[in-house]
Amino acid sequence: MYRPVSPNLPHAPICAALVDYRLPESICEGLQRQGITLVRTFAHPDLPEGLNGHPDLQICHVQENHAVCAPGLEEYYWEKLLPYGISVMPGKQMLGGTYPQDAAYNVARMGECMVCAKTREASLSAFAKTVILVRQGYVKCNLCVVNETSVITSDAGIAKALTGYGMDVLCIRSGYIALKGYSYGFIGGATGLIAPDCLAFFGRADFHPDYSKIKAFCLQRGVTPVLLGDEPLADYGSLLPLATLA
C-alpha cells in the first residue's frame, strides 16, 4: 500500500518519484538504491527538445492525492500515478514551444502556499490557501524546496517575494547547472526531496561555487544533501516525490 505525499514535501522516505525519461542511468541507480521506484515522463511533442521530458513542465502535483497536467496527458499520467493514490485531471492551457506557454504548469506548491506567475494554468490556484505571485514563469525550475519554510533560488524576484512572506531563502548565483540546449539550468530543476531530511541533487553539486553555502543551509535545517551520479549538476525538471509506503 502507498500513501501519496504532500507536493514537494514528503513526510517520510519516499518509495516513488516522477523523473525525466532521460535522467542518466547513474542517477537512476542512485535513487533505486534508496528503494525509490522511478516513474518516467515522455517526450512531449510541443515542448522544446531540451525540456520535453521535464516533469515540472508537464504536470503539477497540487494536493497529496491530486495532480493537474497539460491537456492530452491525463490518460498517460492517470495510469502512471493512480497506483500511488494520485488522481490526475487535465488543465485547460495547452503547452507550447516558447516561453511562457511552456511554463503554464511550472508552479511550486509547498505547504499551504503556491508560488506562481500570472501566466500559470488558471485552475491551479484553487488548490492553495495562499498564492504568491512572482514575475518569473519558470517557478518550480528556479525553486529548490528544502522544507516548508526554506528554499534555495537564483532568482532575485522569487527570493524577494518569499522573504517578504517570511520564508528563509538562500539566494545563489545563476549558472553552473547544465541544461541541454541552453546556457544553464536552475537549482529547482536539479533537485528534489526524497525524505524530509534528504535532498537529492542530479549530479556533482559540490562543483557549484556556492555549494558550501547550499550544504550549510540544508544542514542547519536537518537536511542532508545527497549527490547522485558523477556527472556535472544538471537540470532535469525536478524530482517530484510521489508516495511513501503506508
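Here is a short chat about how some labels in this predicted model are earned.

Visitor: What makes a residue count here, given that the model is predicted?
Guide: Local features need pLDDT of at least 70 and side-chain atom pairs count only at pLDDT 80 or more, while totals for chains, interfaces and linings use all residues. Numbering starts from 1 along each chain as its sequence is written, and side-chain values use heavy atoms, with hydrogens and water left out.

Visitor: Why is Asp210 called buried or exposed?
Guide: Buried means under 20% relative accessible area, exposed over 50%, and partly exposed in between (1.4 Å probe, protein chains only). Asp210 comes out at 4%, so buried.

Visitor: And what makes Asp210 and Arg173 a salt bridge?
Guide: That term needs a side-chain nitrogen of Lys or Arg within 4 Å of a carboxyl oxygen of Asp or Glu. Here the N to O distance is 2.8 Å, so the pair passes. Arg173 sits in the loop between E12 and E13 and Asp210 in the loop between E14 and H6, so parts 37 residues apart in sequence get tied together. (Helices, H or I with at least four residues, and strands, E with at least two, are DSSP runs numbered from the N terminus.) Arg173, at 41%, is partly exposed.

Visitor: How do you know that Arg221 and Asp168 form a salt bridge?
Guide: Their closest N and O atoms are 3.6 Å apart, so the cut-off is met. The two are 53 residues apart, with Asp168 in strand E12 (residues 168-171) and Arg221 in the loop between helix H6 (211-219) and strand E15 (224-232). Arg221 is at 26% and Asp168 at 37%, so both fall in the partly exposed range. The whole structure has 6 salt bridges.

Visitor: What makes Arg221 lie over the face of Phe217?
Guide: For that, NZ of Lys or CZ of Arg must be within 6 Å of the ring centre and within 35 degrees of the ring normal. Arg221 is at 3.8 Å from the ring centre of Phe217.

Visitor: Why is the Tyr76 and Tyr77 pair called stacked, tilted or edge-to-face?
Guide: Rings of Phe, Tyr and Trp (its six-membered ring) pair if their centres lie within 6.5 Å; planes under 30 degrees apart are stacked, over 60 edge-to-face, the rest tilted. With centres 5.0 Å apart and planes at 90°, Tyr76 and Tyr77 are edge-to-face. Phe42 joins these two tyrosines in one aromatic cluster.

Visitor: What about Tyr99 and Tyr138?
Guide: Their centres are 4.8 Å apart and the planes are at 45°, so that pair is tilted. Tyr138 is buried at 17%, whereas Tyr99 is partly exposed at 41%.

Visitor: How do you know that E13 and E14 are paired strands?
Guide: Pairing takes at least two DSSP bridges, and E13 and E14 have 4, running antiparallel. A hairpin of 2 residues joins them, and Ala195 stands opposite Cys198 in E14. In E13 (residues 191-195), 5 of 5 residues are buried.

Visitor: What makes a set of residues a nonpolar core?
Guide: The members are buried Ala, Val, Leu, Ile, Met, Phe, Trp, Tyr and Cys residues joined through side-chain atoms within 4.5 Å. The largest has 37 residues, with Ile59, Leu124 and Leu242 touching the most other members. Apart from it lies another core of 32 residues, among them Val151 and Tyr211.
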